[in-house]
Amino acid sequence: MSEHGKILLTAEDGSKEAFFVLEKAEIAGASYLLVADSLEEDAQAMILKEKDEGEMLSYDVLEDEKELQIISKYMEELLEDIELKIE
């Protein structure tokens, strides 16, 4: 993505938080977003996986270790100046 847009996410408890969308990728028929809480070098980032729920589009935090490693490596290659660390 050329510009870092923002996305507003609503948690299950109803709280809302805005994140910067750093990249979007379509891999093996699934859509993923790389989002961060800021554009600073030490920002906290997450990879979200799109989940289609009929009329509503939602995202889940990617937690599967193997899938997370594969998608994070792909995102690093797309964004050459970003290094992702899995914690």
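In the predicted model, Lys 49 has Asp 60 as its bridge partner in strand E5. This pair belongs to the junction of strand E4, which spans residues 45–53, with E5. The two strands run antiparallel and are joined by six bridges.

The wider fold can be described from this junction outwards. The protein contains five strands and one helix, and from the N terminus the elements follow the order β-β-β-β-β-α. The five strands form an open sheet in the order E1-E2-E3-E4-E5, and their pairing is antiparallel. Strand E1 (6–10) and strand E5 (56–61) occupy the edges; each has a single partner strand, so one side of each lacks a neighbour in the sheet. From one strand to the next, the twist averages 45 degrees. Helix H1 packs on this sheet and touches E2, E3 and E4. The direction of H1 makes an angle of about 85 degrees with that of E2.

The interior was examined next. The largest nonpolar core comprises 13 residues. Those with the most contacts inside this core are Leu 22, Tyr 32, Leu 34, Ile 47, Leu 62, Ile 71 and Met 75. Two or more residues are contributed by each of strand E2 (16–27), strand E3 (30–36) and helix H1 (65–78). E3 supplies the largest share of the core, with four residues.

Leu 62, one of the residues with the most contacts inside the core, illustrates how separate parts of the chain meet. When residues up to four places away in sequence are left out, Leu 62 touches Tyr 32, Ile 47, Leu 48, Lys 49, Glu 67, Leu 68 and Ile 71. Among these neighbours, Tyr 32, Ile 47 and Ile 71 are also listed with the most contacts inside the largest core. Lys 49, the bridge partner of Asp 60, is likewise touched by Leu 62. Apart from the largest core lies another, made up of seven residues that include Ile 7, Leu 9, Phe 19 and Val 21.

Values for the whole protein complete the description. Of the 87 residues, 31% are buried. The accessible surface amounts to about 6,500 Å², and carbon and sulfur atoms account for 46% of that area. Among contacts between residues at least 6 apart in sequence, 22% join residues at least 24 apart.

Terms used
Residues numbered from 1 in each chain as written. Predicted model: local features only at pLDDT ≥ 70, side-chain atom pairs only at ≥ 80, totals over all residues. Heavy atoms only, no water. Core = buried A, V, L, I, M, F, W, Y, C linked by side-chain atoms within 4.5 Å. Buried < 20%, exposed > 50% of the residue type's maximum accessible area, 1.4 Å probe, protein only. Contact = heavy atoms within 4.5 Å. Areas by Shrake-Rupley, 256 points an atom, 1.4 Å probe, with all protein chains shown as cover. Pairing = 2+ DSSP bridges. Axes fitted to C-alpha atoms, helices over the stretch in contact; angles between N-to-C directions.
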